[in-house]
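Trainee: Could you pick one part of this model and take me through it closely? I'd like the cut-offs spelled out as you go.

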Amino acid sequence: MEEVRRMMVNGQAELTEEQWQAIVRNNRVYDHTFIYAVRTTGIFCKPSCKSRVPNRENVLLFQNAVHAESAQFRPCKRCKPQGVLGPLEEWAAHIEAYINKHYMEPLNLESLADVFHASPYHMIRVFKRVKGLTPGEYIQQLRIKQAKKLLLSTEYTVAEVGSAVGMTNSSYFITVFKKKTGFTPADFRKRR
Ligand SMILES: [Zn+2]
């Protein structure tokens with residue numbers, strides 16, 4: 001099972017007899033466990049889709065719509081398979097929620113990956129595919145957004161603002177802030 005899962009994370013896996021039967025019988029129970037694409041039509045469906053049963057040798061298995069779309073398949077208009085929140089989307093949402101709660105701590109990708117029992121490489125890849133940016137980029141974006149708020153709404157020094165958003169090295173904080181906003185933190189504050 002673990003092996004199959006790993007293969008599916010990478011895109012596709014061999015269709016089992018059980019999965020094939022789910023497709024043939026339009027079995028709804030399997031809708032959240034996989035989706036399938038048909039090589040000859042270029043379309044992907046949920047197992048429960050009532051469309052014509054394809055030839056088994058043309059069927060490709062994917063863990064979710066994100067993967068099928070990135071393999072250039074189009075969603076079926078009939079069963080609308082993109083709405084299914086797959087395990088990867090759910091996983092990425094958990095990572096996002098964790099970052100939202102802990103961005104002010106000295107987070108790094110290794111410790112974050114540890115929390116989610118994954119390699120940093122795998123975590124970055126999944127997060128980016130689902131969210132469109134890497135966890136590192138997301139953390140930085142959030143820190144800068146919070147720093148802007150603090151600069152405008154408190155009397156904290158620049159170093160204190162940096163620390164409050166998890167960037168204890170204040171020259172690094174200033175460099176990143178300037179790169180992202182076009183202003184140093186001090187200049188940004190003068191604009192209020
Ligand atoms: Zn369909």
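Mentor: Let's start with a yardstick: the expected span of a helix is 1.5 Å times one less than its number of residues. Helices here are DSSP runs of H or I with at least four residues, strands are runs of E with at least two, and both are numbered from the N terminus. Bear in mind that this is a predicted model, where local features need pLDDT of at least 70 and side-chain atom pairs count only at pLDDT 80 or more, while totals for chains, interfaces and linings use all residues. Residues are numbered from 1 along each chain, as its sequence is written.

The part I'd pick is α7, residues 135-153. Its 19 residues should span 27 Å, and its end C-alpha atoms are 27 Å apart, so the two agree.

Now, which residues of α7 are buried? Pro135, Tyr138, Ile139, Gln140, Arg143, Ala147 and Leu151 are, where buried takes 20 or more other C-beta atoms, placed from the backbone, within 10 Å of a residue's own (exposed is 12 or fewer, partly exposed in between). For the spacing, recall that an α-helix has 3.6 residues a turn, so residues three or four places apart point the same way. The buried residues of α7 pack against α4, α5, α6, α8, α9 and α10, with contact meaning C-beta atoms within 7 Å.

Take α4 (residues 87-102) from that list: its axis comes within 10 Å of the α7 axis, and the two cross at roughly 35°. Those axes are lines fitted to C-alpha atoms over the stretch in contact, with angles running from 0 to 180 degrees between N-to-C directions. The crossing is right-handed, that is, the near helix is turned clockwise from the far one by less than a right angle. On the α4 side you'll find Ile95, Glu96 and Ile99, meeting Pro135, Tyr138, Ile139 and Leu142 of α7. By class that's 6 nonpolar, no polar and 1 charged residues, counting Ala, Val, Leu, Ile, Met, Phe, Trp, Tyr, Cys and Pro as nonpolar, Asp, Glu, Lys and Arg as charged, and the others, Gly among them, as polar.

While you're around α5 and α6, check the loop between them, which holds His117. His117 has a positive phi of about 50° although it is not a glycine. With 8 other C-beta atoms within 10 Å, His117 is exposed.

How values were computed
Two residues are in contact if their C-beta atoms, placed from the backbone, lie within 7 Å.
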